[in-house]
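I sat down with this one to see what the coordinates would give me. These are my notes, in the order I looked things up.

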Amino acid sequence: MSTAEIAATGGGRGVEEVLREHGLTRFHRKAVLVTGAAWTFVAMEILLVGFVAPIFTGLWHLNGRMQGLVNSAALAGSLVGSLTLGRLADRIGRRAIFQYSILWYAAFTAMTALAWGPWSVMAFRFLAGLGLGGMLVVDPSMLAEYLPPQRRGRLLVFLDLWWPVGLLLATGLSYVFLGPTFDRFGDWSWRYLFLAAAFPAFLAFFVRRTLPESPYFLARQGRTREAAEVLTEIAGEPVEEREFEAPEEPRSSVRDLLSGSLRGSAFATGLIWIALNVSYYGLFLWLPFVLQAEKSFTINVYLLLTLSALSQFPGYAAAIWLVERIGRKPTLATFLLLGGLSAYAFAVADSEAVYVTALFFVGFFNLGAWGAVYPYTAELFPTRLRSSAFGLMEGVGKAAAIAGPYIFGNLKDATGSTTWSLTFVAIVMVAGAAVAGIFGRETRGEKFA
């Protein structure tokens with residue numbers, strides 16, 4: 001018996017039916033805000049290194065290859081965190097990982113301020129990335145399992161809408177602590193920046209403790225009294241324990257994702273996540289450095305990055321509407337294709353107008369595709385493997401994301417410019433669109449299993 005079809009003796013309802021009947025409640029607004037706020041820190045932390053890259057380059061005389069390694073360190077930690085903590089969340093529950101991953105992240109982000117060289121920066125960034133990996137896999141799983149199914153797609157896209165808020169915060173904090181010349185407070189400017197970035201995440205740890213365990217996880221573990229209590233909290237009215245019985249829980253392994261009927265979905269979805277990660281991190285971790293070093297356009301870097309972040313909001317808004325209007329798969333494929341074309345236009349731009357316009361559309365389509373991939377992934381895989389599936393997708397994606405900045409840097413060293421690096425990003429996005437369009441499976445309207 002599937003989690004979505006938990007039958008009660010005497011004709012009771014399952015978790016999915018209870019959530020559907022009660023629709024959106026005050027609890028859901030709180031859950032979206034709490035999970036969304038944490039995602040601003042994830043985005044901010046990953047992108048901050050793009051702003052301090054010029055400082056590290058000057059301090060430690062880094063070439064493009066070493067810059068790529070520094071940029072990729074948090075992504076490497078996120079890979080390990082995604083794979084291990086995603087599977088752990090399916091075994092022990094979402095809530096513990098949900099709470100303590102952000103505390104771990106905050107602690108090592110603050111400790112980055114103590115770094116004394118490139119290898120120590122990479123070590124602290126890797127350790128902070130472990131917490132990021134936990135948040136990236138558990139937050140969408142946990143939120144998806146709170147939401148009424150008829151609103152799940154749009155609200156999971158809305159979760160990702162917080163990502164450009166993190167980019168705006170990273171831009172704002174970098175301007176406050178680094179300034180136009182990257183040394184507003186002297187040699188310690190970048191250290192103050194990492195301390196400031198860690199502080200709100202410490203506060204978020206306490207807020208996240210107010211959210212309960214997933215009712216799906218509790219029900220499939222046979223903890224029906226606790227599941228009923230959580231559903232009562234979500235619905236805002238009593239849900240009795242006798243309405244439920246524990247489903248027979250099959251033994252599961254992450255290997256199940258790579259066998260049987262799930263294998264094709266896991267393979268295609270993994271390729272899509274690879275395309276998204278390589279393109280996003282390959283571009284945006286290098287973007288401040290590229291803008292400062294290469295183009296002769298007289299555009300303030302902070303203003304241009306703010307424009308890039310603002311372009312992502314309408315991209316998400318379009319995805320929020322389209323995932324329910326035309327479906328998850330066509331939204332994802334279309335946005336990846338148009339994002340790749342925009343990235344190529346950005347690569348070969350020879351005027352300020354084309355440069356700014358292309359950057360706007362890169363942000364619009366790339367982040368809109370990110371919004372669509374979360375409901376798509378959540379609905380492809382069963383509850384017993386959902387966090388593991390997110391962990392696997394985040395893991396293979398982050399493995400590719402580690403390579404993205406590294407390949408970007410090597411191409412830049414080999415060619416003397418970023419034109420081919422940006423063209424590589426464009427090709428990867430178009431390839432992801434082809435995989436989604438040809439091998440993807442539509443999930444709109446499907447029940448959680």
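What follows runs from the whole chain down to single residues.

**Entry 1: the whole chain**

I'm working with a predicted model here, so everything below is computed from predicted coordinates. I started with secondary structure and got 17 helices and zero strands. Next I asked how much of the chain is buried: the answer is 61% of the 449 residues. For the surface I got about 16400 Å² exposed, with carbon and sulfur atoms supplying 64% of that area. Then I looked at contact range. Taking contacts between residues at least 6 apart in sequence, 83% join residues at least 24 apart.

**Entry 2: two helices, end to end**

I checked α14 and α15 against the ideal rise. Helix α14 covers residues 328-347, and its 20 residues should span 28 Å at 1.5 Å a residue. Its end C-alpha atoms do sit 28 Å apart, so the helix agrees with expectation. Helix α15 (residues 352-380) has 29 residues and goes 42 Å from first C-alpha to last, close to the 42 Å expected.

I also looked at cover. α15 is mostly covered, with 22 of its 29 residues buried. For α14 I pulled the list of buried residues, which includes R328, T331, L332, F335, L336, G339, G340, S342 and F346. A reminder to self: an α-helix has 3.6 residues a turn, so positions three or four places apart point the same way. With that in mind I went back to the α14 list, where T331, F335 and G339 are among the buried ones.

**Entry 3: the salt bridges**

How many salt bridges does the structure hold? I count nine. The ones I followed up form a network linking D90, R94, E145 and R386.

I took the pairs one by one.

- R94 with D90: the closest N and O atoms are 2.5 Å apart, and both residues are buried.
- E145 with R94: the side chains meet at 2.7 Å, N to O. E145 is in the loop between α5 (118-144) and α6 (152-160), while R94 is in helix α4 (residues 94-111), so this pair ties together parts that are 51 residues apart in sequence. E145 and R94 are both buried.
- R386 with E145: here N to O is 3.0 Å. The pair links distant parts of the chain, as R386 belongs to helix α16 (residues 386-415) and E145 to the loop between α5 and α6, 241 residues apart. R386 is buried, like E145.

So E145 has a bridge to R94 and another to R386.

**Entry 4: two buried threonines**

I picked T269 because its relative accessibility is just 1%, which counts as buried. T269 is in helix α11 (residues 262-284). Where does its side chain find a polar partner? A polar atom of that side chain lies 2.6 Å from the backbone oxygen of S265. Beyond four places in sequence, T269 is in contact with Y376, T377, L380, F381 and M393. Y376, T377 and L380 fall within the residue range of α15 (352-380).

T171 was next, in helix α7. With a relative accessible area of 4%, T171 is under the 20% cut-off and therefore buried. Setting aside residues within four places, T171 contacts F51, Y302, L305 and T306.

**Entry 5: A204**

I found A204 in helix α8. Buried or exposed? Its relative accessible area is 12%, so A204 is buried. In space, A204 is 7.7 Å from A37, C-alpha to C-alpha, although 167 residues separate them in sequence. Not counting residues up to four places away, A204 touches F41 and I102.

**Entry 6: out on the surface**

Last, I went looking for greasy surface. F185, W188, Y192 and L195 make a nonpolar patch of about 440 Å². I looked closer at W188, which is in the loop between α7 (163-177) and α8 (189-208). W188 has 53% relative accessibility, over the 50% mark, so it counts as exposed. That loop sits between the helix that holds T171 and the helix that holds A204.

Notes. Residues are numbered from 1 along each chain as its sequence is written. This is a predicted model: local features need pLDDT of at least 70, side-chain atom pairs count only at pLDDT 80 or more; totals for chains, interfaces and linings use all residues. Side-chain values use heavy atoms; hydrogens and water are left out. Helices (H or I, at least four residues) and strands (E, at least two) are DSSP runs, numbered from the N terminus. Buried means under 20% relative accessible area, exposed over 50%, partly exposed in between (1.4 Å probe, protein chains only). A polar contact is a pair of N or O atoms within 3.5 Å; within protein, one must be able to donate a hydrogen and the other to accept it, and residues adjacent in sequence count only if both atoms are side-chain atoms. Contact means heavy atoms within 4.5 Å. The expected span of a helix is 1.5 Å times one less than its number of residues. Accessible areas come from the Shrake-Rupley method with a 1.4 Å probe; for residues, only the protein chains shown count as cover. Patches are made of residues with over 30% relative accessible area and no salt bridge: like charges are joined within 9 Å, nonpolar side chains (Val, Leu, Ile, Met, Phe, Trp, Tyr) within 5 Å. A salt bridge is a side-chain nitrogen of Lys or Arg within 4 Å of a carboxyl oxygen of Asp or Glu.
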